[in-house]
Amino acid sequence: MADDDLIAGPRWRTRTTPERRHRLALVTFAVVMVPGLALMVGAIWVLGQLGAPTWVAILPWLLPTAGVVTWALVRPSVAEATDDDEQTWAGFAIRYVIVGETDPRPTAARLAAATVFGGPIGWSVAVVGTLAIAGLA
């Protein structure tokens, strides 16, 4: 066995072209966002059915969006295509869309992306985080 066999090769995200990495990041982002969007819309619908005032009914969108906007503006972590396991692929995809890759996007672009996608992404991250804490993810 050669010494090269003992050294792990680079991860897929560093071996592929930037175009393929970006396309897959967008697909992954959409896959991560869909369940969060469904949960958020469901929560808003339930609150509406319960007769909650409008300001209460929009809280399932407003609270996670505020959290994602705060993160994107105050402490943005960029998506880095590295060989280590520091960023999960889903985390890379979220950072790529909202913050940018390698360098943060301008503040206005981060604000817009976080406002548009913040609610569903916040729900998805909260659910996955809860499952991880429970040892299920």
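Two residues are said to be in contact when heavy atoms of theirs lie within 4.5 Å, and a residue is called buried when its relative accessible area is under 20%. With these two terms in hand, one can read the predicted model shown above, beginning with the whole protein and then going through its parts.

## The protein as a whole

The secondary structure of this protein consists of 7 helices and 0 strands, so that the order of elements from the N terminus reads α-α-α-α-α-α-α, as the DSSP runs define them. Of the 137 residues in the protein, 29% are buried. The accessible surface comes to about 8500 Å², and 67% of that surface belongs to carbon and sulfur atoms. When contacts are taken between residues at least 6 apart in sequence, 65% of them join residues at least 24 apart.

## Helix α5 and its buried side

Helix α5 covers residues 59-74, and because each residue should add 1.5 Å, its 16 residues should span 22 Å, a value that agrees with the 22 Å between its end C-alpha atoms. Which residues of α5 are buried? They are Pro 60, Pro 64, Thr 65, Val 68, Val 69 and Ala 72. These residues cover an arc of only 140 degrees around the axis, which means that they lie on the same side of α5. A general rule helps in reading such a pattern: an α-helix has 3.6 residues a turn, so residues three or four places apart point the same way.

The buried residues of α5 pack against α3 (18-49), α4 (54-57), α6 (89-98) and α7 (107-133). On the face of α5 turned away from this buried side, the exposed residues are Leu 63 and Val 74. One residue of the buried side, Thr 65 in helix α5, has a relative accessible area of 5% and is therefore buried. Apart from its neighbours within four places in sequence, Thr 65 is in contact with Ala 114, Thr 115, Gly 118 and Gly 119.

## Helix α6 and the loop after it

In α6, 7 of the 10 residues are buried, so this helix is largely enclosed by the rest of the structure. The buried residues are Gly 91, Phe 92, Ala 93, Ile 94, Tyr 96, Val 97 and Ile 98. Tyr 96, which has its place in helix α6, counts as buried because its relative accessibility is 13%. If residues up to four places away in sequence are not counted, Tyr 96 touches His 22, Ala 25, Leu 26, Ala 79, Glu 101 and Arg 105. Gly 91, also found in helix α6, counts as buried at 12% relative accessibility.

Just after α6, Gly 100 takes a positive phi of about 130 degrees. In the loop between α6 and α7 one finds Thr 102, whose phi is near 70 degrees, a positive value in a residue other than glycine. Most residues other than glycine have a negative phi. Thr 102 counts as exposed, because its relative accessibility is 55%.

## Residues apart in sequence

The table sets out pairs of residues with their separation along the chain and the distance between their C-alpha atoms.

| Pair | Separation in sequence | C-alpha distance |
|---|---|---|
| Tyr 96 and Phe 29 | 67 residues | 8.8 Å |
| Gly 91 and Ala 79 | 12 residues | 7.7 Å |
| Leu 39 and Pro 120 | 81 residues | 7.8 Å |

Leu 39, which appears in the table, is found in helix α3 and is partly exposed, with a relative accessible area of 39%. Leaving aside neighbours within four places in sequence, Leu 39 is in contact with Trp 123 and Val 127.

## The largest pocket

The search for empty space rests on a simple idea, namely that rolling a probe the size of a water molecule over the atoms shows where such space is left. The largest pocket of this protein has a volume of about 240 Å³. Which elements give two or more residues to the lining of the largest pocket? They are α3, α6 and α7, and the largest share of the lining, 5 residues, comes from α7. The lining is made up of 13 residues, of which Ala 90, Ile 94, Ser 124, Val 125 and Val 128 lie nearest the centre of the pocket. Ile 94 is also one of the buried residues of α6.

Definitions and conventions. Residues numbered from 1 in each chain as written. Predicted model: local features only at pLDDT ≥ 70, side-chain atom pairs only at ≥ 80, totals over all residues. Heavy atoms only, no water. Helix = DSSP H or I, 4+ residues; strand = E, 2+ residues; numbered from the N terminus. Buried < 20%, exposed > 50% of the residue type's maximum accessible area, 1.4 Å probe, protein only. Areas by Shrake-Rupley, 256 points an atom, 1.4 Å probe, with all protein chains shown as cover. Expected span 1.5 Å × (residues − 1). Arc of directions from axis to C-beta. 1 Å grid on protein atoms, 1.4 Å probe; cavity = no way out; pocket = protein on both sides within 12 Å on 5 of 7 lines; lining within 4 Å. Points joined across faces, edges and corners; volume = space filled by probe spheres on them.
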